[in-house]
Amino acid sequence: MAAEVKCPWCDAKVVLEAGYFKTQYGEVKEGRCPNCNQLVMTRLGGIPDDIIKKGD
Ligand SMILES: [Zn+2]
């Protein structure tokens, strides 16, 4: 079951849309907000999920 997170871009509580792609560094997982389509989370293989924080 997917957990809801608060999108740092649009402040909506959303279930991220997961995507996967391969890079020269390995497989990367990304999570996008289905509400505003901004990238919210990325994860390189073996590294814990990293929530992107919006800068001030
Ligand atoms: Zn959003």
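How many bridges join S4 to strand S5 (residues 39–44), and do the two run parallel or antiparallel? In this predicted model, five bridges join S4 to S5, and the two strands run antiparallel. The protein as a whole has six strands and zero helices, so the account below, which rests on strands assigned as DSSP runs, follows S4 and the two strands that pair with S4.

**Overall make-up**
- Read from the start of the sequence to its end, the secondary structure follows the pattern β-β-β-β-β-β.
- The protein has 56 residues, of which 9% count as buried.
- Among the contacts with a separation of 6 or more, 24% are between residues that lie 24 or more positions apart in the sequence.

**Pairing of S3 with S4**
- Strand S3, which covers residues 17–23, runs antiparallel to strand S4, which covers residues 26–32, and seven bridges join them.
- These two strands form a hairpin, with two residues between S3 and S4.
- Within this pairing, Gly19 has Glu30 of S4 as its bridge partner.

**Pairing of S4 with S5**
- S4 and S5 also form a hairpin, here with six residues between the strands.
- Asn37, which lies in the turn of that hairpin, has a positive phi of about 65°.
- On the S5 side, Thr42 stands opposite Glu30.

**Glu30 in both pairings**
- Which residue of S5 does Glu30 stand opposite? That residue is Thr42, while Glu30 is also the bridge partner of Gly19.

Methods
Residues numbered from 1 in each chain as written. Predicted model: local features only at pLDDT ≥ 70, side-chain atom pairs only at ≥ 80, totals over all residues. Helix = DSSP H or I, 4+ residues; strand = E, 2+ residues; numbered from the N terminus. Buried ≥ 20, exposed ≤ 12 C-beta atoms within 10 Å, placed from the backbone. Contact = placed C-beta atoms within 7 Å. Pairing = 2+ DSSP bridges.
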